[in-house]
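Colleague: I would like to go through the labels used for this model and hear the grounds for each one. Please set the value against the cut-off every time.

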Amino acid sequence: MAAAASAHSYSAELDIRVEDYLDDKLQSSTDFDSLDSLLASVEVQRSQLQAQLEDAARALEHARNAAQDRQGGILQSITEFRRLQESIDARMRIVVESNAPEEAARRLERPMKQLHKVELAHNYVSLLRDVESLRLEARSHLPQSPKAALQPYSKLKQLGIRLRDLQGAADGAATHLVNYVESTVENLWDEMKNTMSKELENILKVRNWPQAVNADTEMDDEWLQGFEKLVDLQVPEVLYSDAVVTLLPFEVMAKPFVQWFRFQFMGDNTTSTPQSFSTFCIPQFLSLVDKWEGFFRDNVGYILASRFHDTKVREVSVYVDPACSLIVTLLPVMREKINAMVQHGLQNPQFLSSLIVQLMDLDDEIRSRFNYDGGDPEKGWAGLTSEVLEKHFEDWFKVEREFALERYHAIMDAPDARNIDYDHSVSGKMKPTLGAVRVVDLLKSVTSQYVRVRRFSFRLRFLINIQLDILDEYHDRFKDSLDAYYTITSTLGRTIHGMTKEQSAALAGTGALETLCRVLGSSDYIIAALKDWSNEEFFITMWEELQTRAKRTDSAGNVATGMSYDQVKDRTSIVVGSDGDGGILFDETIVALSRRRQTAQEYLATALVDSHHKAFRSYLAKAQWTTISNDSHVEASQLSVTPELDEPLAILERNLTFLASTLSTAVYRRVWREALEKLQDALWTHVLLAQSFTALGAAQFDRDLDAISSLVDRHLPDGSTAIGALRDGSRLLNLPAEASDGAVSLRQASDRVFTDNAEAKKLLAELGLESLTPANARKILQRRVENSE
């Protein structure tokens, strides 16, 4: 149907085209003349078009058939794919439900393991053969050519290192193989060293070393060659080792020295006793090195220099300085001796304490005398002491702490501990107690014990747990002493607790002043000592290191081993870890002691005031200032001191003398100024403004004040200025009733003072009494009997 429709459509289209063609060809009558030819042409064209139409119809039919065939093939392929998929799924279910793979794997497992073992055994055998080959090759070059022997040895060494690395990656596999190779390397190296060492030992034996060799002898060529071979053997070991290596030739040549040392100091001889360690062992050890130092430097110094001058160890003294190489060789036997001494010291604390000091001295002697740095040019040699303290610091620290605290308590319990040391310093300086002086000496001795300890945490432990502990205990004594003083001297304290006869006797006379001066002088002395120590290099370095560590540590971390940031900060200084430049190790201790010093100074001033108040009690109550004299003009200088003032003057002089011998000039002036001002207030209130005075009475009062001023000025230059206002008041009180030579009389002064304030001030300025106010001047003038009349 589609083909017919298509053909019909094509025929219609063809008719239209024919019609158009005819219209185009037959436009006029002349065109009909050629009609036959035109019809013939049209017929031809029609035939061609018909043929084309039939071809197109056949092509269309062929294409339709081909399309139907292709669609049928696709459907068939889909059907076949589905059948294949169903077949695969069925087979997969069969495989999943079957145990055939596990069976096959189990059957193959054993043969595969056997095959793996065979391969592994083959590799093991090959590796062992290579190891043995390298070992034999290295041995074949000895002792003639140690350098040639180093080549196979190096390969074997590298093989052992490589196996160890591979074993780590393989979770520790082939342990026996790795251990065997490493032991082979070690044994080969020992064998190589022993072979070369025996050659040098034979040379030394022929020369009867060291008995027949003088320290100034030159080594012959054979000797030097044997020495060189051993150095050549060790060059790679030296260059690739992180630790200090003992040079073999020195080890061989030092064997007689080691044997001698063992015989002398590690046997049953008297020189082997612990008591002989410092008197015999250490001095002879140093003498041994000192004796052969020049011999080794002169003979083999150039050999070491030639082998190491172009290497990374060219500045390491233990490889380029023969004396240092000799020390490295001898130190092991000294360590054995020291270990034995330490074991003895653990049972004898006093010996352990002295032993550490002796070891520090030995370390310093080795460093300074032989320029020994232990193979570390930058940090230097830590020393034998450091090695001992790494293991036994706690034992030593416990001993030193017990000794220090025991000594401190003995100082405090001594009968003379509370006595003031008047000879300790010159006049004008604070005088501490004997106990304070001894405590400072004790703290200095503790510093000397750990000043040479290199580890910071050890030094900090000594500072905080020994020295600061002692200072804290001593501070508590000051506090307890001041608290006890306040309790028995204050009104409230006496009311609650009362005062025993012994306490009253202890405070009698200068007892109260002495009690306070002990605390004042001792605390001041310790504060000064702590400030001086803080300027010493040792404590400055400790502070800087503490600051550096604290800045890298938070409050929960440790500044040093076993010591937290907060603990150290509370005991040393509140500025620990801050960015400021201030602060010292003893800040907190100085602050605490300064409080006690200030309190003692305040109590001392109060004690003076109380002493003077009691002494002047009868003088203040004296009412005989209105005595009349027949002489109208009385000179105060011609009068005697009031009898009631004799005892107060004696007490003033006693107090002045005592305090001058115990206090510094600054504190002395400060305390007395406060005490004299209080005395002035008492005399001003209870005498000058409370009593009535005749001319004789006023002169007598002025004479008494002059006696007080003279006494004070003798002991304290210009000290009487503290009662200057009282003296000015006395001068105003002593104006004469009748003046001569233009002087101001009592009447004139009274008239001007009571005129107004301006006139009063003018008068006081003329009289040079600037310390008085107009109001005070009026009150004072009113105390004259003449004015009251």
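Colleague: Which residues of helix H8 are buried?

Modeller: This is a predicted model. In helix H8, residues 255-265, the buried residues are Phe257, Val258, Phe261 and Phe265.

Colleague: What puts them on the same side of H8?

Modeller: Around the axis they cover an arc of only 100°, which places them on the same side of H8. The face turned away from that buried side carries Gln259 and Phe263, both exposed. Exposed requires a relative accessible area over 50%.

Colleague: What do the buried residues of H8 pack against?

Modeller: Their partners are helix H7 (248-253), helix H9 (277-308) and helix H11 (322-347).

Colleague: How many aromatic pairs does a search of the whole structure find?

Modeller: The search finds 37.

Colleague: Why is the pair of Tyr450 and Phe462 called stacked?

Modeller: The ring centres are 5.1 Å apart and the planes are at 25°. Centres must lie within 6.5 Å for a pair, and planes under 30 degrees apart count as stacked. Both conditions are met, so the pair is stacked.

Colleague: What parts does the pair tie together?

Modeller: Tyr450 lies in helix H14 (residues 434-450) and Phe462 in helix H15 (residues 456-489), so the pair ties together parts that are 12 residues apart in sequence.

Colleague: Is Tyr450 buried or exposed?

Modeller: Buried means under 20% relative accessible area. Tyr450 is at 0%, so Tyr450 counts as buried. Phe462 has 1% and is therefore buried.

Colleague: Why is the pair of Tyr474 and Phe478 called tilted?

Modeller: The centres of these two rings are 4.5 Å apart, and the planes are at 45°. Stacked needs planes under 30 degrees apart and edge-to-face needs over 60, with the rest counted as tilted. An angle of 45° meets neither of those conditions, so the pair is tilted. Both residues lie in helix H15, 4 residues apart, about one turn of the helix. Tyr474 is buried at 5% relative accessibility, and Phe478 is buried with a relative accessible area of 5%.

Colleague: Which residues form one aromatic cluster?

Modeller: The cluster is formed by Phe393, Trp396, Phe397, Tyr450, Phe458, Phe462, Trp533, Phe538, Phe539 and Phe586.

Colleague: What makes Arg461 a charge over the face of Phe397?

Modeller: Arg461 is at 4.5 Å from the ring centre of Phe397. The distance cut-off is within 6 Å, and the charge must also be within 35 degrees of the ring normal. The distance passes, and Arg461 is recorded as lying over the face.

Colleague: Where is Thr433 found?

Modeller: Thr433 is in the loop between helix H13 (384-413) and H14.

Colleague: How do you know that Thr433 is buried?

Modeller: The relative accessible area of Thr433 is 4%. The cut-off is under 20%, so Thr433 is buried.

Colleague: What makes the approach of Thr433 to Ser522 a polar contact?

Modeller: The two side chains are 3.0 Å apart at this contact, and the limit for a pair of N or O atoms is within 3.5 Å. A polar atom of the Thr433 side chain also lies 3.1 Å from the backbone nitrogen of Ala436. Not counting residues up to four places away in sequence, Thr433 touches residues including Tyr474, Arg518 and Ser522.

Colleague: Where is the place of Ser573, and what does its side chain contact?

Modeller: Ser573 is in the loop between helix H20 (565-571) and helix H21 (587-615). Its side chain makes a polar contact with the side chain of Asp587 at 2.7 Å, against a limit of 3.5 Å.

Colleague: Why is Ser573 called buried?

Modeller: Ser573 has 1% relative accessibility, under the 20% cut-off, so Ser573 counts as buried. Leaving aside neighbours within four places in sequence, its contacts include Trp543, Val568 and Glu588.

Colleague: Why is Asn179 called partly exposed?

Modeller: Asn179, found in helix H5 (residues 175-206), is at 35% relative accessibility. Partly exposed runs between the 20% and 50% cut-offs, so the label applies to Asn179.

Conventions. Residues numbered from 1 in each chain as written. Predicted model: local features only at pLDDT ≥ 70, side-chain atom pairs only at ≥ 80, totals over all residues. Heavy atoms only, no water. Helix = DSSP H or I, 4+ residues; strand = E, 2+ residues; numbered from the N terminus. Buried < 20%, exposed > 50% of the residue type's maximum accessible area, 1.4 Å probe, protein only. Polar contact = N/O pair within 3.5 Å; in protein donor to acceptor, adjacent residues only side chain to side chain. Contact = heavy atoms within 4.5 Å. Phe/Tyr/Trp six-rings, centres within 6.5 Å; stacked < 30°, edge-to-face > 60°. Arc of directions from axis to C-beta.
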